[in-house]
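Hi,

Here is the structure I promised to pass on. Have a look at it first, and then read on for what turned up when I went through it.

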Amino acid sequence: MHKVETKTVLPTTNLTGEITIPGDKSISHRAIMFASLAQGKSRISGLLRGEDCMSTLHAFEQMGVKVEEAGDDELIVHGRGLDGLQEPDSVVDCGNSGTTMRLMSGILAAQPFFSVLTGDQYLRQRPMGRVIKPLSEMGAKFLGRADNSKAPLAISGGAIKSGTYHSPIASAQVKSAVLLAGMQVEGVTTVYEPHLSRDHSERMLRYFGAKIDSFAGGASVTGRVQLTGQEVVVPGDISSAAFFLVAGLIVPNSELLLKNVGINPTRSGIIDILQQMGGSIELLNQRELSGEPVADLLVKSSDLHGIDIGGEVIPRAIDEFPVVSVAAAFASGTTTISDAKELRVKETDRIAAMCDSLSAIGADITPLDDGMRIVGGKPLHGGKINSCGDHRIAMSMAIAALGASAEIEINDTACTATSFPNFWELLGQKG
Ligand code: S3P
């Protein structure tokens, strides 16, 4: 449990300068996981030291993986190969991290031992049936709370077979769980998804030497190809950059350079959305780091207008809708977000949380079953906000406060350490 912490954020008149965005959470998880499953040594730099990624690291340490600290954001992982993990002698605590629990479920489904995964009060409420179903179809034995749908999960892995799964949702966690199980057994395992979700697993597994095919509609893996340790450089997290992108757009007289941000097309929906709303965002110094495209993002204050958002861009910006709703509150006209029912099963119900929080400070926002409608341009006033223990709600409301007419107090803010440990420090320097 986090200690209860409250932050007060004041309106500001301009934001200028450079910000180095911390490492990508999704990529950091995968770097730790794949380095642990590889043969030999991997060096990971640019790693996010957020609580979620530390949950993944501790899980592998419990299974016998040796890790050396090599600097603030650098680790050396001594991989144990596909068959070298040991049965953890206690429950594995995934904290607040859905990525840890769902990807670990895929890895453990194929390991010939017993394990139990649990998490915090929020993670224990989130749906796990979406990974239990395909992994059970491959032959793994799962037992979970709430009729096998919620954590704690007990896993008896090992005797599984390759397979094909048509996922009803575009979820990188589901896709990755199935690919990670399939990677460890003979044969080809294929996952189809309705829209392309983030493809970091496919890119990084390939980088570690796995045989992965990506195609329109899904990906497949050929099993039993050993991974080899690598040097991985993790780019900055576009989902963290998103807060400062929106801040730079809505606060007048602002110009911010966000350095070293991952712009993988399966993640860069936020740039497309904000540009369509009239936002000035330039991609500078484009390059590639360990198989992932990266750029510096230059954002300048802009007059935003409302748009309709739905379809294939939703999974490409799935974590950014709390802060997109903030941008929409500062835009002229109406923004409608649809096809985004997944927001209801994130760290909290993000549709309800953003509607409650933004309406508490004067925004015109209506929840929809699968999204929300925001009529922008209403003046936002100060107030008190509950983060619901969700890092992205807390940070989105801090950004809203920068453009409101009075201070906003946000409670339960320690949760921001899950994905962006120095958020408040950076905000304090710029805000
Ligand atoms: C993630 C996938 C997404 C995202 C989450 C991280 C990942 O979840 O919301 O923050 O690292 O694979 P879903 O797979 O549930 O869409």
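One thing before the details: this is a predicted model. I'll begin with the aromatic rings, where the count comes to 8 aromatic pairs. One of them joins phenylalanine 423 and tryptophan 424 in an edge-to-face arrangement, with 4.9 Å from centre to centre and 80 degrees between the planes. Phenylalanine 423 is buried, and tryptophan 424 is buried too. If you want to find them on screen, look for the cluster that ring pairs make out of Phe243, Phe244, Phe420, Phe423 and Trp424.

Two of those names come back in the core. The largest nonpolar core has 76 residues, and Phe244, Leu258, Ile399 and Phe423 are the ones with the most contacts inside it. Helix H8, residues 238–250, supplies the largest share of this core, with 10 residues. Apart from that core lies another one, of 65 residues, including Ala35, Cys94, Leu108 and Ile160. As background, nonpolar side chains tend to be buried together in soluble globular proteins.

Leucine 258 is a handy residue to click on. What does leucine 258 touch, once residues up to four places away in sequence are left out? The list is Ile19, Ile21, Ala241, Phe244, Leu245, Ala295, Asp296 and Leu297.

Now the chain as a whole. The chain has 14 helices and 23 strands. Its radius of gyration is 21 Å, close to the 22 Å that the globule rule gives for 431 residues, so the chain is as compact as a globular protein of that length. The C-alpha trace spans about 60 × 45 × 45 Å along its principal axes. Of the 431 residues, 60% count as buried. As for contacts with a separation of 6 or more, 76% of them are between residues 24 or more positions apart.

Next, a helix worth zooming in on: H7, which covers residues 200–207 and holds serine 201. Is serine 201 buried or exposed? It counts as buried, because its relative accessibility is 1% and the limit for buried is under 20%. Leaving aside neighbours within four places in sequence, serine 201 is in contact with Arg30, Phe34 and Ser176. Serine 201 has company, since His200, Glu202, Met204 and Leu205 are also among the buried residues of H7. The buried residues of H7 pack against helix H1 (25–37), helix H6 (172–182), strand E14 (231–233), strand E17 (292–300), and also E12 and E13. After H7 comes glycine 209, which has a positive phi, near 105 degrees.

That brings me to the strands. E13 runs over residues 218–222 and is mostly covered, with 4 of its 5 residues buried. Strand E11 (residues 188–192) pairs with E13 in the antiparallel sense over 5 bridges, and strand E12 (residues 211–215) also pairs with E13 in the antiparallel sense over 5 bridges. A good place to see both pairings is alanine 219 in E13: valine 191 stands opposite alanine 219, and so does serine 214. E12 and E13 form a hairpin with 2 residues between the strands, and there glycine 217 takes a positive phi near 100 degrees.

I also went through the cysteines. How many disulfides are there? The count comes to 0. For cysteine 355, the nearest cysteine sulfur is that of cysteine 388, 12 Å away, and cysteine 355 is in no disulfide. Cysteine 388 is in no disulfide either; its nearest cysteine sulfur belongs to cysteine 415, at 9.3 Å. As for their surroundings, cysteine 355 counts as buried at 5% relative accessibility, while cysteine 388 is partly exposed, with a relative accessible area of 25%.

Last, a residue on the outside. Lysine 384 sits in strand E22, residues 383–386. With a relative accessible area of 65%, lysine 384 is exposed, because anything over 50% counts that way. Lysine 384 and glutamate 292 are 92 residues apart in sequence, and their C-alpha atoms are 39 Å apart in space.

Over to you!

Methods:
Residues are numbered from 1 along each chain as its sequence is written. This is a predicted model: local features need pLDDT of at least 70, side-chain atom pairs count only at pLDDT 80 or more; totals for chains, interfaces and linings use all residues. Side-chain values use heavy atoms; hydrogens and water are left out. Rings of Phe, Tyr and Trp (its six-membered ring) pair if their centres lie within 6.5 Å; planes under 30 degrees apart count as stacked, over 60 as edge-to-face and the rest as tilted. Buried means under 20% relative accessible area, exposed over 50%, partly exposed in between (1.4 Å probe, protein chains only). A disulfide is a pair of cysteine sulfur atoms within 2.5 Å. Contact means heavy atoms within 4.5 Å. Two strands pair if DSSP finds at least two bridges between them. A nonpolar core is a set of buried Ala, Val, Leu, Ile, Met, Phe, Trp, Tyr and Cys residues joined through side-chain atoms within 4.5 Å. The radius of gyration is taken over C-alpha atoms; the globule rule is 2.2 Å times the number of residues to the power 0.38.
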